[in-house]
Amino acid sequence: IVEPSAVYFGQKDAEQCRVITDLVKDLNFNTKMVVCETVREPDGLAMSSRNVHLTPEERSSAGIIRRVLVETESLVAAGVSAPELASQAVERLLAASLVPAVDSAGTADRETGSRLSEDDH
């Protein structure tokens, strides 16, 4: 078994970063967890080994998803209700036929992954 001094994960994989950070802490690994900024292509899509397999149409759709997320993030920073914005973002993606039918959408705490209520915002 090897014990690296540091592990590096891209910020775009937020949930994966949280799980690995907890694992390193819970198992008392003497390993530094480094979350790196996401490197993006000129069109804004994250550089990823998975994204090279996208068709031009899928790549265009992925760019729209990114724009909706960036716009939503800036509105949250401006003080707009996050749950309301999450619902609006899903509606925009559904209208553009970029996501299948959605039963529910919400916001989650970045550190714990727990769903946030209106009172948490």
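**Val76 and the α2–α3 packing**

Val76 is partly exposed, with a relative accessible area of 37%. That value comes from a predicted model. The residue lies in helix α2, which spans residues 56–77. Beyond residues up to four places away in sequence, Val76 touches Ala82 and Leu85. The C-alpha atom of Val76 is 9.8 Å from that of Ala86, a residue 10 places away along the chain.

The contacts of Val76 belong to a wider contact between two helices. Both of its partners, Ala82 and Leu85, are among the α3 residues that meet α2. Helix α3 covers residues 82–95. The axes of α2 and α3 lie 10 Å apart, and the helices pack at an angle of about 160°. Angles over 145 degrees count as roughly antiparallel, so α2 is roughly antiparallel to α3. The crossing of the two helices is right-handed.

On the α2 side, the contact is formed by Ile65, Val68, Glu71, Thr72, Leu75 and Val76. On the α3 side, Ala82, Leu85, Ala89, Arg92 and Leu93 take part. By class, the contact holds 8 nonpolar, 1 polar and 2 charged residues. Thr72 counts as polar, whereas Glu71 and Arg92 count as charged.

Asn51 sits outside these helices, in the loop between β2 (residues 32–36) and α2. Its relative accessibility is 18%. Buried means under 20%, so Asn51 counts as buried. Val76, at 37%, is partly exposed. With neighbours within four places in sequence left aside, Asn51 is in contact with Leu45, Ala46 and Arg59. Arg59 falls within the residue range of α2, 56–77.

The protein as a whole has 3 helices and 2 strands. From the N terminus, the order of elements is β-α-β-α-α. Helices α2 and α3 are thus the last two elements in that order. The protein has 121 residues, of which 21% count as buried. Asn51 is one of the buried residues. The accessible surface comes to about 9,000 Å². Carbon and sulfur atoms account for 54% of that surface. Among contacts between residues at least 6 apart in sequence, 49% join residues at least 24 apart.

Definitions and conventions: Residues are numbered from 1 along each chain as its sequence is written. This is a predicted model: local features need pLDDT of at least 70, side-chain atom pairs count only at pLDDT 80 or more; totals for chains, interfaces and linings use all residues. Side-chain values use heavy atoms; hydrogens and water are left out. Helices (H or I, at least four residues) and strands (E, at least two) are DSSP runs, numbered from the N terminus. Buried means under 20% relative accessible area, exposed over 50%, partly exposed in between (1.4 Å probe, protein chains only). Contact means heavy atoms within 4.5 Å. Axes are lines fitted to C-alpha atoms, for helices over the stretch in contact, and angles run from 0 to 180 degrees between N-to-C directions. Angles under 35 degrees count as roughly parallel, over 145 as roughly antiparallel, 65 to 115 as roughly perpendicular and the rest as oblique. A crossing is left-handed if the near helix is turned anticlockwise from the far one by less than a right angle, and right-handed if clockwise. Accessible areas come from the Shrake-Rupley method with a 1.4 Å probe; for residues, only the protein chains shown count as cover.
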